[in-house]
Amino acid sequence: MSQPTDAVGPAVVANDSPVRASSARWPALDGMRGLMTIGVFLAHISYQWVPGAILFMDSFFMMSSFFITRLLLKDWQRHGRIHFAAFYVRRLKRLYPALLAMVVPVALFAVFYLGHGPDRLGNVWGTIFYYGNWLRALEIPHEKYLGHTWSLSIEEQYYLVWPALFALGLALSTRWGRASGPREVNLLFWSIVLGAVVVACMAWRSWLALHGASWERTYNGTDMRLDSLALGALLALVFDRRPVQWACEQLARPWLVWAMIAVMVAGAMRVNVTVMQWYAWQQPLFVLLSLLLIMSFLKTPTGWGLRFAFQNPVSLYLGAICYGLYLWHYPLIWTCYAVFDLAVWPTFLICAPLSLALASASYFLLELPALNGNRGTAK
């Protein structure tokens, strides 16, 4: 029997409406996110199909950090401060209703069908309180049916810490440096700080990989993902500057975009997450490739079939519902394999339509109403 591989998955794009805020300006990112989510789904169906789906994580984390930092920056530029309460309420409304709608029935299934007692529900608490990635990183014994929520744990830890650090950095850079105008960020300060985080993270991950750390540690640790998060934040801060706009335009040349996609796909088909060389020196290269690819997609490239591939209705819809799709697909796959002992293709044929149906219900019945009170609308 083919077992689902270790979970990878998309970081939640933190905009108030997953259709309005990201699709209105950067529709190609929605399509890219949707197609990468399908890659993650296929990896969980069979590791042999997409063994290196882990490298999509750098793109997911980077996009999430980019959108979060743009929201925080917009708040600071408009009001001179970051409204923490409003920010955390938005995140709670965006994430928690759909999360609980998945976790509660899965937990009930584990208790009443599988017979799991309180001592075997550690993964449920790790999911609800967003520390599940450390259960995996430290190899603390726990059930695996919610293992995919490790990435959501990293996201929520980032949401919790980054706004306060960002506000502190804005205060320090304004006091010690000179920005270019009223409520303008000090780019030199942030380039030094965030650049140092990127270098330190890559060096730390490489050191651990070469000095006996387990692949679970280098795969799941929050500190192992700080380079992607820092690069996303830095891109958000410098994106409106003319040199960065020019660089994005150059990267958006269709032949170059397809070349980067080809390298990404080739990596996804070859990477082995249990081989430590990946963490030591290959992952930094794909982190930088993710940055360049996202920069190109921020200019919405359309030539050479790119519009057809990434802005067709199917890709855009998958991008919109990717949070629910990610939440639901893995418990379904795990159940088919671990509980009912199904083969690969029956699992695929069951889980693909069921995941799409549950993700659509989550999006229209929970996520959109929780954000704006209008059921079934993207406003």
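**Exercise 1. Identify the residue whose side chain makes a polar contact with the side chain of S64, and state where S64 lies.**

*Solution.* The side chains of S64 and Y159 make a polar contact at 3.2 Å. A polar contact is a pair of N or O atoms within 3.5 Å; within protein, one must be able to donate a hydrogen and the other to accept it, and residues adjacent in sequence count only if both atoms are side-chain atoms. The model is predicted: local features need pLDDT of at least 70, side-chain atom pairs count only at pLDDT 80 or more, and totals for chains, interfaces and linings use all residues. Residues are numbered from 1 along each chain as its sequence is written, and side-chain values use heavy atoms, with hydrogens and water left out. Next, S64 is placed in helix α3; helices (H or I, at least four residues) are DSSP runs, numbered from the N terminus. Finally, S64 has a relative accessible area of 0% and is therefore buried (under 20%, with exposed over 50% and partly exposed in between; 1.4 Å probe, protein chains only).

**Exercise 2. Compare the expected span of helix α3 with the separation of its end C-alpha atoms, and determine how many of its residues are buried.**

*Solution.* Helix α3 covers residues 56–79, which is 24 residues. The expected span is 1.5 Å times one less than the number of residues, which gives 34 Å for α3. The end C-alpha atoms of α3 are 35 Å apart, in agreement with that value. Of the 24 residues of α3, 19 are buried, so the helix is largely enclosed by the rest of the structure. After α3 comes G80, with a positive phi near 80°.

**Exercise 3. Describe the setting of R253 and its contacts along and across the chain.**

*Solution.* R253 belongs to the loop between α11 (242–251) and α12 (254–270). With a relative accessible area of 42%, R253 is partly exposed. The side chain of R253 is joined to that of Q250 by a polar contact of 2.4 Å. Between the C-alpha atoms of R253 and K299, 46 residues apart along the chain, the separation is 9.6 Å.

**Exercise 4. Determine how many disulfides are counted, and whether C201 and C248 are buried or exposed.**

*Solution.* The criterion is a pair of cysteine sulfur atoms within 2.5 Å. By this rule, the count of disulfides is zero. C201 is buried, at a relative accessible area of 5%. C248 is also buried, at 0%.

Notes. Helices (H or I, at least four residues) and strands (E, at least two) are DSSP runs, numbered from the N terminus.
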